[in-house]
Amino acid sequence: MLSQVYCSGSQPFRQRLLPWVQSTALSRSHRVQPSAIRHVRSWSNIPFITVPLNRTHGKSFAHRSELKHAKRIVVKLGSAVVTRGDECGLALGRLASIVEQVSVLQNQGREMMLVTSGAVAFGKQRLRHEILLSQSVRQALHSGQNQLKEMAIPVLEARACAAAGQSGLMALYEAMFTQYSICAAQILVTNLDFHDEQKRRNLNGTLHELLRMNIVPIVNTNDAVVPPAEPNSDLQGVISVKDNDSLAARLAVEMKTDLLIVLSDVEGLFDSPPGSDDAKLIDIFYPGDQQSVTFGTKSRVGMGGMEAKVKAALWALQGGTSVVIANGTHPKVSGHVITDIVEGKKVGTFFSEVKPAGPTVEQQGEMARSGGRMLATLEPEQRAEIIHHLADLLTDQRDEILLANKKDLEEAEGRLAAPLLKRLSLSTSKLNSLAIGLRQIAASSQDSVGRVLRRTRIAKNLELEQVTVPIGVLLVIFESRPDCLPQVAALAIASGNGLLLKGGKEATHSNRILHLLAQEALSIHGVKEAIQLVNTREEVEDLCRLDKMIDLIIPRGSSQLVRDIQKAAKGIPVMGHSEGICHMYVDSEASVDKVTRLVRDSKCEYPAACNALETLLIHRDLLRTPLFDQIIDMLRVEQVKIHAGPKFASYLTFSPSEVKSLRTEYGDLELCIEVVDSVQEAIDHIHKYGSSHTDVIVTENEKTAEFFLQHVDSACVFWNASTRFSDGYRFGLGAEVGISTSRIHARGPVGLEGLLTTKWLLRGQDHVVSDFSEHGSLKYLHENLPVPQRNTN
């Protein structure tokens, strides 16, 4: 139900609204939680519940992540957003999506306002239809024939189009908002309404009343009567309402809104004309940065261009309102662009008055790229020297590292579970082990980059080589594991890759000092910028969209983190495993002495690790035997909670709690036990419920063991060995960036070799393909040539 309201805020408006208020005010109160009620206002004896604002208006938000706290929001829809490509009529699907997003935010308890274009386009469609109909009738009457001559449409005056289209536009909004049980009210304004103090107060009061009643005001310039815009008419710091951009900015400041979202037909601001080869989207725009922006022509419709939008945005920002300019027409993002902005996602250009102390993540990506390329050109001995120096720093600066780690542990106490606290903790022994691992990496890196894998003589004096090269820029995201930072840094240095590191906030102090030590080591050969630690408030999902800067993402953390990153990554490969559901199959011919040692070490040595045992498969013949009793007794002593699989539970009168899912990674002192009838059934179970991480068989039968090793399709398959051996350090790789369960590029513990790719080098002497044609003078030889021996010292 639509109420057309003009800026005077007249008494008839209130009288028209009264019946609606009486029938709906109480029914709408369910949107407000009782805990959020501050007080109850009365107007015309009708109670209204007011939701308290989440923040005091004064300064704009400094970071995107704070936008989720925005309470009062203005959404400005440009002409290019609401109109069709032919400029005659509205883009109904796009409008419906926008209305849905605004309704979702309104029903969350926010106060939404729309500044919309589209009346001219809607009116042009109606008038064109009326003119065509009128002309066709006249032609039919005068000619007496059914055939109509080609009719010319006269140029339609914009004010007439606006007058004809305004009512239809608002009726459309009314119908759409009604689907979400939301009322909308129309307000038409001109520049004079802001300059006349009485009218400005009336407008302000009307808008506040509408917001208080949970109504969405839809504001537009009264294009039917508005005079032409006067250039340079902004006086004494007050922006003139010349178009809907300036209207939205003026309205946002007048109403003290928290956020202004300006939707147009471009992604945001660019440092050069959009569409040009070097154009880069500006993520954050600061006052005074106008010189870095090149303004192109304005959109196909509407009065304002991007320059007008920037001017309006800066004026609103100065008035305490945060601003985001984004694309509202792209079919892949328009369905969630408004909600994404409010959630703090990196969409469009965010206007901020607070410049970060350090470089942006985009700048860090560029520094990592250039630094990595310089790193790759160093001699192998120089890269090894950097890693040795980092290993020395870990032991020399032990006290400073442990002091920083102590701060992290104190701040995390009571917030993190015990397994995560254990991962967060550093010790002297951990640092010593890290230093040993780094020296192993240095020793193995001597011929990693530039190693010749294949040589082929294509033809006389035409030789081809395949050599190893770095992947490029790696993004490693890790949680609660500060010891991961020097390991990954050393592997990146050895492989000549640039590196972006994003650690968990729970390890902030530890990560900061470890990163400084890594950069100190890099400085001895002038490649300090090759490794960057992302300290800005970048969301992981936003980092995963930097497909032009990042070549490979490596997540180190919980299975949920890995799944989220795999889902969020846009065009960037992700190396990792989403779960570590490791199995151990105890065969009927297993050794009594070996089984309990292997089960204890696999489950109890470090239950939070991804290579810890999660499911124990036992051959049916071992039930009710001394071996089975020893396993159960050992697990009880170690305080391991047992979950019974369906078949195991069927054998017991009083069974432990039955497992909820056979595909569970506990990450704690919990273990699922299930019964199988044969090695083949064990393999089938692993393939159905496992995660292709690490699986083990315990048996003295070599034939059975080999069958298991060859048929289990996992990254690591062991015989009579603990699952915990699935580790880069224990494999002799020095360290690992993670364990991959993918089937492309690298699988299992990924060390130095997994961070390299290849390129082809062809050396010729004026060779052309036409010489090898049917009538050419040369023939292909394709002779394999000896490859230089790898240095194994």
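This passage describes the enclosed cavities of a predicted model and the residues that line them.

When the whole structure was searched, two cavities of 30 Å³ or more were found. The largest cavity holds about 40 Å³ of space, while about 30 Å³ lies in the second largest cavity.

The lining of the largest cavity is formed by Arg 200, Leu 203, Asn 204, Leu 207, Leu 251, Glu 254 and Met 255. At least two of the lining residues come from helix 7, which spans 197-212, and at least two from helix 8, which spans 244-254. Of the elements that contribute to this lining, helix 7 gives the most, with four residues. In terms of residue class, four of the lining residues are nonpolar, one is polar and two are charged; the charged residues are Arg 200 and Glu 254, and the polar residue is Asn 204.

The second largest cavity is lined by Ile 554, Pro 555, Met 575, Gly 576, Val 737, Gly 738, Ile 739 and Ser 740. Here strands supply part of the lining, since strand 17 (552-556) and strand 24 (738-740) are each the source of at least two residues. Strand 24 gives the most to this lining, with three residues. The lining of the second largest cavity contains five nonpolar and three polar residues, and no charged residues, with Gly 576, Gly 738 and Ser 740 making up the polar group.

How values were computed
Residues numbered from 1 in each chain as written. Predicted model: local features only at pLDDT ≥ 70, side-chain atom pairs only at ≥ 80, totals over all residues. Heavy atoms only, no water. 1 Å grid on protein atoms, 1.4 Å probe; cavity = no way out; pocket = protein on both sides within 12 Å on 5 of 7 lines; lining within 4 Å. Points joined across faces, edges and corners; volume = space filled by probe spheres on them.
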